[in-house]
Amino acid sequence: MFDVLDPLSAAGAQRLREFFREANFTHAEFENRRWLLDLPSRASGNLPFLLDRTREPSVSNLILRWFFLGVPATSKSVASLMPASILALLLECGMLIRDGAGLSPAVMLTPCDQCFFAADTTARMESHASDLVIWPNPTTRLLHQFTIRKPVRATLDLGTGCGIQAVFAANHSQRVTATDLNPRAAEFARFNARLNGVENIECLVGDTFAPVRNRTFDLVLANPPFFITPSSDKIYCENGMELDRYCRRVAREAAAHLNEDGYLQMMFECVQVRGQSWRDRVLEWIHGTGCDVWIFHSYARDVLAYARERIRQTTPALTVEESLPRWMDYYRQRGVEEIHGGILAMRRRTGLNWVRIEEMPLDPNQPFGEAVWQAFACIDFLELHGSDEELLKAHPRLSPDTQLDQQLRQSDGRWQGVGMTLRFTGGIPASMRLDPTVADFLAGLDGRRTLDELVRDLSQRVRADLEIVRPECLAVVRKLVERRFVLP
C-alpha cells in the first residue's frame with residue numbers, strides 16, 4: 001500500500017494553497033510562461049534549459065524546481081527562502097523528504113484552475129513503473145473541459161488517477177465517488193481532495209464498476225486506460241483486454257449505472273480493422289444501451305505512427321527499437337489498419353434514442369461542457385416540437401455565442417457582398433453559410449416573439465407567399481437548433 005503522503009489538516013491545506021498562490025505558483029502563471037507547459041524530461045533533453053530558466057534564487061523558482069522539475073535543494077539554500085511553517089507542512093504530509101543535508105520532492109505538483117494536484121515525479125514517470133499516477137496530462141484536461149457541470153446528486157470518477165475530475169466535480173455534486181484499480185491512485189486522489197479543501201469525495205479501489213456495484217449516478221466521468229498495445233502491465237494507460245474492448249466494456253456497463261437523464265462522458269480509442277470501419281465498431285458498443293450518444297472524433301493514426309507515439313510514451317528509450325516489431329505483429333495479426341480516438345457523451349433516456357458523430361479538434365481552448373448540454377437540450381426540443389404547429393408556437397432565440405461574418409470581393413472599384421457565414425464562437429466551433437434574407441430573419445430570433453409571428457413578418461417584407469416561406473423557415477430553424485445556433 002502507498003503510504004508516502006499523509007492527508008493534511010483542513011487548516012494546513014488552506015495555508016499551503018495560500019502560500020503557492022502568493023508565490024505565483026498558479027495555473028495563470030503556467031499559461032503565461034509557455035515553457036512551463038513542456039514536461040521536464042531527461043530523455044527529451046529539455047531539463048537543462050528549464051533548470052537555467054529557474055537558476056535565480058527565489059521562492060517561485062524553488063517551488064518550480066522541487067515540484068515541477070523534480071530537483072532537490074540543500075537545507076541551507078531553503079532556509080532563507082521558505083517559511084519554517086510551510087517547510088514543516090511539506091515535510092509532515094510527505095510532499096518533501098529530508099535526505100541528509102538535502103530536501104527532495106516526493107511528488108510533482110501541478111496547478112490547474114484554482115486547484116493543485118500532486119502526482120508521481122518525473123523521475124518515477126521515466127522509470128515507467130506499472131503503477132504510475134500521472135500529472136493532469138492533455139487527455140485529463142480535455143475531459144475536464146468536456147464535463148457538463150450542472151448540479152447533480154451523485155458523480156462517479158472512474159479511473160480517477162490523481163483525482164482531478166473528482167475534485168472539480170465536487171463543486172457541482174452532492175457526493176463524488178472516485179475509483180481506480182491502482183491503490184496508489186486512490187491515495188493520491190484522497191490526498192488531493194484534502195489539499196484542495198474538498199470533503200465530499202470517497203475514494204475506492206477496484207476494477208471498473210466493481211467498487212460501485214448496484215449503485216447509479218447522475219454523471220460518470222471516465223478517462224480509462226485506453227492505449228491499444230500488446231502489453232497490459234502499465235495500469236495507468238493499458239488494460240488487459242484485446243484492442244479496444246475495454247473502452248467498449250466501460251461504455252456498455254456504464255448504462256446500467258446511470259440514472260434517467262444521467263450522463264457518461266468518456267475518453268476513448270477504437271480500432272479500424274479490415275472489413276469494419278471505426279464508426280461501425282463504436283456504434284456496436286452503444287447499440288441497445290438505452291442512451292442518446294454524441295461522439296466527437298478527434299484523431300486517426302495509421303498503426304505505424306500510433307505505435308511510434310505510444311512506444312515513446314510507455315517504453316524506456318533503450319528498448320524502443322526492439323519493441324516496434326512486437327507491436328506491429330500485434331496489429332497485423334488482428335487486422336488493425338488505423339486507430340481512432342475522441343470523446344463521447346452518453347445520456348440514459350427512455351424512448352427512441354439517437355446518435356451523432358462529429359469531427360472535432362483535440363485541443364479546445366475553453367470549457368465546452370455547457371455546449372454539450374445545450375446540444376442534448378436542443379435535440380430534446382426538436383423531438384418535443386416535432387410538428388410544424390408546435391414549432392411555430394415556440395419562442396426561439398439566437399445563441400449569444402454566434403457571430404455573422406460577411407465575405408466581400410472587390411469589383412469595379414467597390415466591395416461587393418459574396419456571402420455570409422454564421423459562426424459559433426463558444427465551446428464547440430461550428431459554421432454555416434447563409435444568404436442575406438435568412439440572416440435578416442435570424443436577427444429577429446430574440447425569444448420574445450413566436451416563430452409564427454416572425455415567419456409572417458418575413459413573408460410580408462419579402463412579399464412572398466406565406467405557404468412558401470413557412471416551410472423554408474421551419475427547415476432553417478430546425479437545422480439551426482440542431483447545430484446549437486438557435487436555442488429553445
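Which residues are exposed on the other side of α13? In this predicted model, they are R308 and R312. The legends below describe close-up views of this helix and of other sites.

**View A. Helix α13 and its surroundings.** Helix α13 comprises the 12 residues 303–314. At 1.5 Å a residue these should span 16 Å, and the end C-alpha atoms are indeed 16 Å apart, so expectation and model agree. The buried residues of α13 are V303, Y306, A307, R310, I311 and T314. Seen down the helix axis, the buried residues of α13 fall within an arc of 120°, and they therefore line one face of the helix. R308 and R312, on the other side, are exposed. The cover over the buried residues of α13 includes the strands β10 (258–273), β11 (291–302) and β12 (336–348), together with the helix α14 (320–333).

**View B. The start of helix α13.** Here D302 and L304 are shown. A side-chain oxygen of D302 reaches to within 3.1 Å of the backbone nitrogen of L304.

**View C. The environment of T122.** T122 lies in helix α7, which consists of residues 122–126. With a relative accessibility of 7%, T122 falls below the 20% cut-off and so counts as buried. Apart from neighbours within four places in sequence, the residues in contact with T122 are L39, P40, F68, L69 and M108.

**View D. The cysteines C93 and C473.** A disulfide is a covalent bond between the sulfur atoms of two cysteines. For a pair to be counted, the sulfur atoms must lie within 2.5 Å; by this rule the model contains zero disulfides. For C93, the closest cysteine sulfur belongs to C162 and is 16 Å away, which is too far for a bond. C93 is buried, its relative accessible area being 2%. For C473, the closest cysteine sulfur is that of C378, at 18 Å, again too far for a bond. C473 likewise counts as buried, at 6% relative accessibility.

**View E. Helix α15, which contains C378 among its buried residues.** Helix α15 is formed by the 16 residues 369–384. Their expected span, at 1.5 Å a residue, is 22 Å; the end C-alpha atoms are 23 Å apart, which agrees. The buried residues of α15 are G369, A371, V372, Q374, A375, F376, C378, I379, F381 and L382. C378 thus links this view to the preceding one, because its sulfur is the closest cysteine sulfur to that of C473.

Notes
Residues numbered from 1 in each chain as written. Predicted model: local features only at pLDDT ≥ 70, side-chain atom pairs only at ≥ 80, totals over all residues. Heavy atoms only, no water. Helix = DSSP H or I, 4+ residues; strand = E, 2+ residues; numbered from the N terminus. Expected span 1.5 Å × (residues − 1). Buried < 20%, exposed > 50% of the residue type's maximum accessible area, 1.4 Å probe, protein only. Arc of directions from axis to C-beta. Contact = heavy atoms within 4.5 Å. Polar contact = N/O pair within 3.5 Å; in protein donor to acceptor, adjacent residues only side chain to side chain.
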